[in-house]
Structures are given as C-alpha cells and as structure tokens.
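Here are a few short exercises to work through with the structure open beside you. Try each task before reading its solution.

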Amino acid sequence: MTGKDTIRIKLNVYDTELGVTVPRDEEAYYRRAAKLITDKINTYASFYKGRTADKDILYMAMIDIALLYEKNKGRNDTEPYTKMMEKLTSEIEEAIK
C-alpha cells in the first residue's frame, strides 16, 4: 500500500513500536486499535504477569478482542431488516393496487 492516500505512522502496541503504512483516512482507527490492544494486554498482564507466560497473556487479550468483534458483528447485520422492509414494501404495494 503506497501512494498519496496513505501515511506512514508508528504505533505503540504494548511494549512494541510498529511502523505501518495505513490509509490516511483510517489513521485514527489504527491508533485506537493499537490502544485497545495495549489496554487489553495491560489488563491481563496486571493480573497474570509472572504467573502466566507472556504469550498466553497475548492470547487472552486476542480472544477478548475477537469475542468483542464477534458479538458486534451480529449487531451490524442488516439483512434481516432489509428482508423485512422488502416484504412490507411488497405488502404495501399489493394493498395499494
């Protein structure tokens, strides 16, 4: 991904700095995503650091974020509403005829 519609930024994710090229209009999303990841890892690390492997803490944070994503994915599904609106439109059109 290159071009004038992209920007090179540095993201601080937990204890790592990542250089990434992102779409200019999505920079804020990437920064918020990096903060979310860092916050989740910090939360798990505060409870499990020293008692659980760092890799497992990362996995717990990933599962937490993926779970949040999966729960919200269903909320954005507009297909049932679209089908309902099509049915209602059809019924209204039939009633008008």
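**Exercise 1: Contacts and overall form**

Among contacts in the chain between residues at least 6 apart in sequence, 18% join residues at least 24 apart. Keep in mind throughout that this is a predicted model.

Task: Find which elements the chain has and in what order they run from the N terminus, then decide whether the chain is spread out or a compact globule.

Solution:
- Step 1. Start by counting elements: the chain holds three helices and two strands.
- Step 2. Read from the N terminus, their order is β-β-α-α-α.
- Step 3. Now compare two radii: the chain has a radius of gyration of 22 Å, while the globule rule gives 13 Å for 97 residues. The value for the chain is well over that of the rule, so the chain is more spread out than a compact globule.
- Step 4. For the dimensions, look at the C-alpha trace, which spans about 70 × 40 × 15 Å along its principal axes.

**Exercise 2: Surface and charge**

Task: Work out what share of the 97 residues is buried, and how many positive and negative side chains the chain has.

Solution:
- Step 1. Of the 97 residues, 13% are buried.
- Step 2. The accessible surface of the chain is about 8,000 Å², and carbon and sulfur atoms account for 57% of it.
- Step 3. As for charge, there are 17 positive and 17 negative side chains, with 6 Å between the centres of the two sets.

**Exercise 3: A cluster of rings**

Task: Describe how the rings of Tyr44 and Tyr48 are arranged, and place both residues in their helix.

Solution:
- Step 1. Rings pair if their centres lie within 6.5 Å. This rule gives a count of two aromatic pairs.
- Step 2. In one of them, Tyr44 and Tyr48 have ring centres 6.4 Å apart and planes at 20 degrees, which makes the pair stacked.
- Step 3. Both belong to helix α1 (residues 27-48), and because they are four residues apart, about one helical turn separates them.
- Step 4. Ring pairs also bring in Phe47, giving a cluster of Tyr44, Phe47 and Tyr48.
- Step 5. Tyr48 is partly exposed, since its relative accessibility is 31%.

**Exercise 4: Locating one methionine**

Task: Say where Met62 lies, and whether Met62 is buried or exposed, or in between.

Solution:
- Step 1. Met62 sits in helix α2 (residues 54-75).
- Step 2. Its relative accessible area is 47%, so Met62 is partly exposed.
- Step 3. Met62 and Glu17 are 45 residues apart along the chain, and their C-alpha atoms are 18 Å apart.

Technical notes. Residues are numbered from 1 along each chain as its sequence is written. This is a predicted model: local features need pLDDT of at least 70, side-chain atom pairs count only at pLDDT 80 or more; totals for chains, interfaces and linings use all residues. Side-chain values use heavy atoms; hydrogens and water are left out. Rings of Phe, Tyr and Trp (its six-membered ring) pair if their centres lie within 6.5 Å; planes under 30 degrees apart count as stacked, over 60 as edge-to-face and the rest as tilted. Buried means under 20% relative accessible area, exposed over 50%, partly exposed in between (1.4 Å probe, protein chains only). The radius of gyration is taken over C-alpha atoms; the globule rule is 2.2 Å times the number of residues to the power 0.38. Contact means heavy atoms within 4.5 Å. Accessible areas come from the Shrake-Rupley method with a 1.4 Å probe; for residues, only the protein chains shown count as cover. Lys and Arg count as positive and Asp and Glu as negative; His and the chain ends are not counted. The place of a charge is taken as NZ of Lys, CZ of Arg, CG of Asp or CD of Glu.
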